[in-house]
Amino acid sequence: MNKMRCTAVVLAAGSGSRMRSDVPKQFMELGGKPLIWYALDVVERSAIIDDCILVTGADDISYMQREIVEKYGFSKVDTVTAGGSERYESVARAMTVLEEGELKVPNRDGYVFIHDGARPFLTEKILEDTYAAAVAYGACVAAVPSKDTVKLADTEGCALQTPNRDSVWLVQTPQVFEVRMICEAYRRLMAQLPQLRQQGVQITDDAMVAETMLRRQVKLVPASYKNIKVTTPEDMRIAKALLE
């Protein structure tokens with residue numbers, strides 16, 4: 001089977017507020033390299049990924065281009081583009097780049113891998129497994145079964161119900177979709193955003209966009225408990241331990 005073209009969208013537009021840092025977390029050092037280096041290095045060496053859209057803060061574009069892309073020779077990074085204030089806005093901007101054929105080699109019929117740049121422990125195995133699932137299902141997400149019992153809470157913060165732990169998964173990234181399908185889903189999302197905000201709908205990941213806008217089924221793909229997202233100082237300590 002011929003491999004379809006695969007574009008990675010790596011999100012690195014965070015501010016570092018929860019990290020209690022003046023430096024955006026994607027540039028904080030982990031094991032002698034900026035945090036964002038790790039995901040980009042896997043993308044660069046991957047046999048699955050053909051090119052990459054790197055999404056960062058508008059003020060960080062030139063720094064990202066110079067101090068990350070050029071310094072470390074990440075040749076697969078085709079475009080560094082500005083993100084929005086919310087994650088979904090950043091992804092929507094990357095989808096516009098895809099849809100309008102702004103990459104050196106347009107990708108309108110392949111797959112897109114949307115990954116949090118703050119997840120440094122991405123692996124080629126995760127990319128292979130999610131690619132296979134995306135080909136089979138059209139939409140998938142990296143995830144792990146919950147080890148903990150999960151409670152749903154009411155507005156008072158009291159336990160409302162306890163879902164069966166066997167059916168609870170913790171969702172990670174990459175989240176992988178047919179390009180045409182997820183571009184359409186994001187186009188609809190941005191058009192309906194005012195109504196969704198009025199209804200109090202919170203868009204927390206790309207799978208939710210596909211589920212909500214297109215009623216698409218999204219396959220959960222077993223990934224790795226090491227594939228953590230570095231959000232707080234505690235996470236950074238865990239990441240350093242995992243790296244060692």
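How many residues in the lining of the second largest pocket are nonpolar, polar and charged? The views below come from a predicted model, and the first of them answers this.

**View 1. Lining of the second largest pocket, volume about 170 Å³.** Five nonpolar, three polar and three charged residues make up the lining of this pocket. Strand β10 gives the largest share, three residues. Among the lining residues are Leu170, Val171 and Gln172. Arg119, Lys147 and Asp148 also line the pocket. So do Val144, Ser224, Tyr225, Asn227 and Ile228.

**View 2. The largest cavity, volume about 40 Å³.** Searching the whole structure turns up one cavity of 30 Å³ or more. Its lining has eight nonpolar residues, one polar residue and no charged residues. Ala8, Val10, Val43, Ile49 and Phe113 take part in the lining, as do His115, Leu122, Leu127 and Pro174. Strands β1 (6–12) and β6 each contribute at least two residues to the lining of the largest cavity.

**View 3. Helix α5, residues 179–198.** The helix has 20 residues, which at 1.5 Å a residue should span 28 Å. The C-alpha atoms at its ends lie 29 Å apart, in agreement with that value. At Gln192, α5 bends by about 65°. A proline, Pro194, follows within four residues. After the helix comes Gly200, with a positive phi near 75°.

**View 4. Buried residues of α5 and what covers them.** Val179, Met181, Ile182, Cys183 and Ala185 are buried, and so are Tyr186, Leu189, Leu193 and Leu196. Residues three or four places apart in an α-helix point the same way, because there are 3.6 residues a turn. The cover over the buried residues of α5 includes helices α3 (87–99) and α6 (206–214). It also includes strands β6 (111–116), β7 (139–145) and β10 (169–178).

**View 5. Surroundings of Ile182 in helix α5.** Is Ile182 buried or exposed? Its relative accessible area is 0%, under the 20% cut-off, so Ile182 is buried. Beyond its neighbours within four places in sequence, Ile182 is in contact with Met95, Val112 and Phe177. Asp206 and Ala210 are also in contact with Ile182. Pro163 is 19 residues from Ile182 along the chain, and the C-alpha atoms of the two are separated by 29 Å.

Conventions
Residues numbered from 1 in each chain as written. Predicted model: local features only at pLDDT ≥ 70, side-chain atom pairs only at ≥ 80, totals over all residues. Heavy atoms only, no water. Expected span 1.5 Å × (residues − 1). Bend = angle between axes of the 7 residues up to and from the residue. Buried < 20%, exposed > 50% of the residue type's maximum accessible area, 1.4 Å probe, protein only. Contact = heavy atoms within 4.5 Å. 1 Å grid on protein atoms, 1.4 Å probe; cavity = no way out; pocket = protein on both sides within 12 Å on 5 of 7 lines; lining within 4 Å. Points joined across faces, edges and corners; volume = space filled by probe spheres on them. Nonpolar A, V, L, I, M, F, W, Y, C, P; charged D, E, K, R; others polar.
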